[in-house]
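Me: Please take a close look at one part of this protein and explain how its aromatic side chains are arranged. I would also like to see that part set against the structure as a whole.

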Amino acid sequence: MYILILPVGFILWYMAYEAKPIINDEVTNGWEDKNINKRNRLLNIINESF
């Protein structure tokens with residue numbers, strides 16, 4: 001019984017690895033730009049308050 005646990009675990013890991021999402025560069029670039037803009041606005045607010 002214990003002999004079957006390792007191969008089954010490996011097969012499940014491989015299936016989960018293959019099912020990972022594909023990174024779309026266009027979407028991530030837009031998301032990063034939004035975050036950079038938000039961060040800059042927050043930094044400007046903090047700098048103006050001091």
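Reply: The account below begins with the overall form, turns to the first helix and its aromatic residues, and ends with the second helix.

The model is predicted, and the values discussed here are computed from it. The protein contains two helices and zero strands. Its C-alpha atoms fill a box of roughly 65 × 25 × 5 Å along the principal axes. The radius of gyration is 22 Å, whereas a compact globule of 50 residues would have one near 10 Å. In keeping with the theme of exposure, 0% of the 50 residues count as buried. The protein exposes about 5400 Å², and 67% of that area is supplied by carbon and sulfur atoms.

Helix H1 covers residues 2-18. From its first C-alpha to its last, H1 reaches 25 Å, which is close to the 24 Å expected for its 17 residues at 1.5 Å a residue. H1 is hardly covered, with a count of zero buried residues. Two of its residues illustrate this point. Leu4 is located in H1 and counts as exposed because its relative accessibility is 55%, the cut-off for that class being over 50%. Pro7 also lies in H1, but it is partly exposed, since its relative accessible area is 40% and the intermediate class runs between 20% and 50%. Between Pro7 and Ala19 there are 18 Å in space, C-alpha to C-alpha, for a separation of 12 residues in sequence.

The aromatic side chains may now be considered. A search of the whole structure finds two aromatic pairs. One of them joins Trp13 and Tyr17, which are stacked, with 5.6 Å from centre to centre and 20 degrees between the planes. The pair counts as stacked because its angle falls under the 30 degrees required. As for their positions along the chain, Trp13 and Tyr17 are four residues apart in H1, so about one helical turn separates them. Tyr17 is partly exposed, because its relative accessible area of 43% lies between the limits of 20% and 50%. Together with Phe10, the residues Trp13 and Tyr17 form one aromatic cluster.

This cluster also belongs to a wider surface feature. Phe10, Trp13 and Tyr17 are among the members of a nonpolar patch on the surface. The patch further includes Leu4, Val8, Ile11, Leu12, Tyr14 and Met15, and its residues together have about 1000 Å² of accessible area. Leu4, described above as exposed, is thus also part of this patch.

The second helix offers a further aromatic residue. Trp31 is situated in helix H2, which comprises residues 25-49. Trp31 is exposed, because its relative accessible area is 55% and the threshold is over 50%. Trp31 and Lys20 stand 19 Å apart in space, C-alpha to C-alpha, and 11 residues apart in sequence.

Conventions. Residues are numbered from 1 along each chain as its sequence is written. This is a predicted model: local features need pLDDT of at least 70, side-chain atom pairs count only at pLDDT 80 or more; totals for chains, interfaces and linings use all residues. Side-chain values use heavy atoms; hydrogens and water are left out. Rings of Phe, Tyr and Trp (its six-membered ring) pair if their centres lie within 6.5 Å; planes under 30 degrees apart count as stacked, over 60 as edge-to-face and the rest as tilted. Buried means under 20% relative accessible area, exposed over 50%, partly exposed in between (1.4 Å probe, protein chains only). The expected span of a helix is 1.5 Å times one less than its number of residues. Patches are made of residues with over 30% relative accessible area and no salt bridge: like charges are joined within 9 Å, nonpolar side chains (Val, Leu, Ile, Met, Phe, Trp, Tyr) within 5 Å. Accessible areas come from the Shrake-Rupley method with a 1.4 Å probe; for residues, only the protein chains shown count as cover. A salt bridge is a side-chain nitrogen of Lys or Arg within 4 Å of a carboxyl oxygen of Asp or Glu. The radius of gyration is taken over C-alpha atoms; the globule rule is 2.2 Å times the number of residues to the power 0.38.
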